[in-house]
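Trainee: Please take one part of this model and go through it closely. I would like to hear about the aromatic pairs and what surrounds them.

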Amino acid sequence: DYPRLRSSLAQRLPQGPRQLASLIKRAAAAGFGGYVKAEVILSIGVFFILLGGFLLIRQPYALLLAFALAVLDFIPILGSGTVMVPWAVVDLCLRDLRHAVGLMVVWGLVALFRRVAEPKVLGDQTGLSPLLSLVSVYVGMKVHGVLGMVLGPVLCLVVLNVVRSGVLDNTLQDLRLAAGDLAAILRGGGAEKS
C-alpha cells in the first residue's frame, strides 16, 4: 500500500510543500550522484598514481595491487594508507629500506593528490565551490564521521538549491526585518525608529 498511500498524501499536500519536497529530492539525488561520480574520478586518478609508483619500485603484481588499493581508497576514511603504511613498517622491520621509502613516497603522492584534487573534483561534480565542498566534508566528518563526510556535501547542496529556488525568500526577508528590529531595540532606539 505504500505507493497508494504516498500518492494520496502527495495529492492532499498544498502545491508549495509538494514543490519544496520535489526540489529537495532532486537536489539530494543530484548531490549524492555527484559525490559518487567524484569519488570514482578520484579513485581512477589514485589507481594511475599507484600503478606508476608500483611499476617504478618494481613491485610484483603492480596492476592488481593498484586496483585493489584504488578500490580501498574509494571508501572514506580507510584509503590506501591503511595498507601501505603498515606494509612500509613491515619492510623497515625486514630491513628493506628502499622498498619502504618507495611505498611511502607513492602513498605520499596519493595523499597529496587526494587533498589537492578532492575539493575541486567534488565541487565540479556536485556544483559546490571547492572551498564549500571541502568545508562541508570536514564539518560532516566532525558531526557524524564517515556518513557525515558523504552527507555533508549533499546536505549543503540541498540547502543551497532550496535557498536559490526562492522558496525561502519571504522567510529570509522576515528574518532580516526581525534582526533589524532587534538591533534597534538593543541600541535603545526602539523598533519605531526603523
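Mentor: What follows starts with the chain as a whole and then turns to the aromatic pairs and to one buried acidic residue.

The model is a predicted one. Its protein chain has seven helices and zero strands, so the order of elements from the N terminus is simply α-α-α-α-α-α-α. For 194 residues, a compact globule would have a radius of gyration near 16 Å, whereas the protein chain has 24 Å. Along the principal axes, the C-alpha atoms fill a box of roughly 80 × 55 × 25 Å. Of the 194 residues, 32% are buried. The protein chain exposes about 12400 Å², and carbon and sulfur atoms supply 71% of that area.

Now the rings. A search of the whole structure gives two aromatic pairs. One of them joins Phe47 and Phe48: the ring centres are 5.2 Å apart and the planes stand at 70°, so the pair is edge-to-face, the cut-off for that class being over 60 degrees. The two partners differ in their surroundings. Phe47 has a relative accessibility of 17% and counts as buried, because the limit for buried is under 20%. Phe48, with a relative accessible area of 53%, is exposed.

The other pair is Phe54 with Trp87. Here the ring centres lie 6.0 Å apart and the planes meet at 55°, so the pair is classed as tilted. Phe54 belongs to helix H2 (residues 15-56) and Trp87 to helix H4 (residues 81-93), so this pair ties together parts that are 33 residues apart in sequence. Phe54 is buried, its relative accessible area being 0%.

Helix H2 also holds Glu39. This residue is buried as well, at 3% relative accessibility. Its side chain makes a polar contact with the side chain of Arg114, at 2.9 Å. Leaving aside neighbours within four places in sequence, Glu39 is in contact with Phe74, Arg114 and Glu118.

One figure for the chain as a whole belongs beside these local details. Among contacts in the protein chain with a separation of 6 or more, residues 24 or more positions apart account for 56%. The link between Phe54 and Trp87, in helix H2 and helix H4, spans 33 residues in sequence.

Methods
Residues are numbered from 1 along each chain as its sequence is written. Side-chain values use heavy atoms; hydrogens and water are left out. Rings of Phe, Tyr and Trp (its six-membered ring) pair if their centres lie within 6.5 Å; planes under 30 degrees apart count as stacked, over 60 as edge-to-face and the rest as tilted. Buried means under 20% relative accessible area, exposed over 50%, partly exposed in between (1.4 Å probe, protein chains only). Helices (H or I, at least four residues) and strands (E, at least two) are DSSP runs, numbered from the N terminus. A polar contact is a pair of N or O atoms within 3.5 Å; within protein, one must be able to donate a hydrogen and the other to accept it, and residues adjacent in sequence count only if both atoms are side-chain atoms. Contact means heavy atoms within 4.5 Å. The radius of gyration is taken over C-alpha atoms; the globule rule is 2.2 Å times the number of residues to the power 0.38. Accessible areas come from the Shrake-Rupley method with a 1.4 Å probe; for residues, only the protein chains shown count as cover.
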